[in-house]
Amino acid sequence: MESPLTESADLPWLTTGRTKLLQGGHKHHCLLITGPPAIGKYLLALDLANRLLCENPAEGGACGSCWACHLVSGSIHPDLHILMPETYDESDDSTLLNHAHRYLDTGQSSQKRKPSSQISVDNARLLSDALLGTSRIGGRKVALVLAADTLNRNAANAMLKVLEEPVGTTHFILVSSYPYRLPSTIHSRCVRVECQGPSSKDISTWLRARHPVQEKQLSALLLSGLGPIELDEVLQNEELKPINALITYCMGDDDEIPHGLGLAARCANIGLERALTILQSMALATVRESAKGQTPAAGRGLFQDVKFSLRAFHKLGLARERVRSAVDDQLALEDICAWMCGGHSQP
Ligand SMILES: [Zn+2]
């Protein structure tokens, strides 16, 4: 049975980056941790934040037993500030959520609308104002910004002043899977740390050690292109069935020629963002494997044609951006599914 992920040491592919980061990360006041989605970058960032606040840090990280460490693990350290969007899909870690609570809009208005996948300017200002004050405990202040690429332009501007002229000893750790979306003004103030993602074999070995998963299910999961942390949650929450259904449908294994409505229905069962990621990953697998002269694993059914897969990859990327910028989800879904299953002879 799986155990909850509490530190980056639980993730073997982060070992090298972890050692380097924990030994030298405290030397820079603003770090930008990047790498593929859902590989556990948030755990690395949390471990570094903990090491920065710890009263007796060692080479390998925080001591885990001092007062500051207890405050961090209890999600009540007043000088650890965590900012992230209301929907942060890389983790439902309770330490993270409890700490982030003070910058999430939990007022009545939020109950009437869809939770935002972006960091709002109001929340960025709240963080910025809090950091202009002195440290509550008298040591460092650490600001962790997860999914930093979801800071919109105004929110990024709201943070620039504290990034440029921090009060006291303030460390910023920004985490992003899509750093190209961040404005250059943020990039220029950060030292970038790139994390390598795991290979398919690494993911497979790790998942197998945590879940009783069958070989066939594992192959489909690896084809989904989702990161290991997300796959771990899929298995933990028993969400495998709809993902398998979408992949099987696209591969033409259902004895049914994929059509727009059928595809849209299977995507809706998964959630649009995740479904688009899976479709894009299947399209990319065909292109990559064809380029290597291999028979693509996803290259049956919908993604059998390389040229179509290449165009689908780009269109799915655009659809993901549309969804991100809050265009009507259902409309975006029907649009891309209709194109993929019929209209793709059109440019
Ligand atoms: Zn400690």
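How many of the 13 residues of α2 are buried? In this predicted model, the count is 13 of 13, so helix α2 is mostly covered. The paragraphs below begin with the whole protein, move to its sheet, and then return to this helix and the core around it.

The protein has 347 residues, and 39% of them count as buried. Its secondary structure consists of 16 helices and 5 strands. Among contacts between residues at least 6 apart in sequence, 72% join residues at least 24 apart.

The sheet is a good place to start. Strands of a sheet pair through backbone hydrogen bonds, either parallel or antiparallel. Here, 5 strands form an open sheet with parallel pairing, in the order β2-β3-β4-β1-β5. At its edges stand β2 (80-83) and β5 (191-194), each of which pairs on one side only. On average, neighbouring strands of this sheet are turned by 20 degrees against each other, direction ignored.

Strand β4 (residues 170-176) runs parallel to strand β1 (residues 30-34), and 5 bridges join the two. Along this pairing, I33 has V175 of β4 as its bridge partner, and T34 has S176. Strand β3 (residues 141-145) also pairs with β4 in the parallel sense, over 5 bridges. In that pairing, L144 is matched with I173 of β4.

Is β4 mostly covered or mostly open? It is mostly covered, with 7 of its 7 residues buried. The covering applies to both faces of the strand: T170, F172, L174 and S176 are buried on one side, and H171, I173 and V175 are buried on the other.

Strand β1 can be read in a similar way. Because 4 of its 5 residues are buried, β1 is largely enclosed by the rest of the structure. Besides its bridges to β4, β1 pairs with β5 in the parallel sense over 4 bridges. Within β5, R192 stands opposite L32.

The next topic is the nonpolar core. In soluble globular proteins, nonpolar side chains tend to be buried together. The largest nonpolar core of this model holds 94 residues, of which A45, A49, L83 and I173 touch the most other members. Helix α2 (residues 41-53) gives the most to this core, with 9 residues. The core also draws at least three residues from each of domain 1 (8-194) and domain 2 (239-343).

Two of those central members tie the core to the sheet. I173 is the bridge partner of L144, and it is one of the buried residues of β4. Which residues does L83 touch, leaving aside those up to four places away in sequence? They are A100, Y103, I119, N123, A124, L127, A143 and V145.

Helix α2 can also be checked for its length. At 1.5 Å a residue, its 13 residues should span 18 Å, because the expected span counts one less than the number of residues. The end C-alpha atoms of α2 are 19 Å apart, which agrees.

Further along the chain is helix α11 (residues 228-236), whose buried residues are P228, I229, E230, L231, D232 and V234. These buried residues pack against three other helices, namely α9 (200-210), α10 (215-223) and α12 (240-250). Just after α11, E238 takes a positive phi of about 55 degrees.

The last stop is A264, which is found in helix α13 (residues 260-270). Why does A264 count as buried? A residue is buried if 20 or more other C-beta atoms lie within 10 Å of its own, and A264 has 21 of them within that distance. Not counting residues up to four places away in sequence, A264 touches L333, E334 and C337. A264 and L333 are 69 residues apart in sequence, yet their C-alpha atoms are 6.3 Å apart in space.

Notes. Residues numbered from 1 in each chain as written. Predicted model: local features only at pLDDT ≥ 70, side-chain atom pairs only at ≥ 80, totals over all residues. Core = buried A, V, L, I, M, F, W, Y, C linked by C-beta atoms within 7 Å. Buried ≥ 20, exposed ≤ 12 C-beta atoms within 10 Å, placed from the backbone. Domains from an automatic or database assignment. Contact = placed C-beta atoms within 7 Å. Pairing = 2+ DSSP bridges. Axes fitted to C-alpha atoms, helices over the stretch in contact; angles between N-to-C directions.
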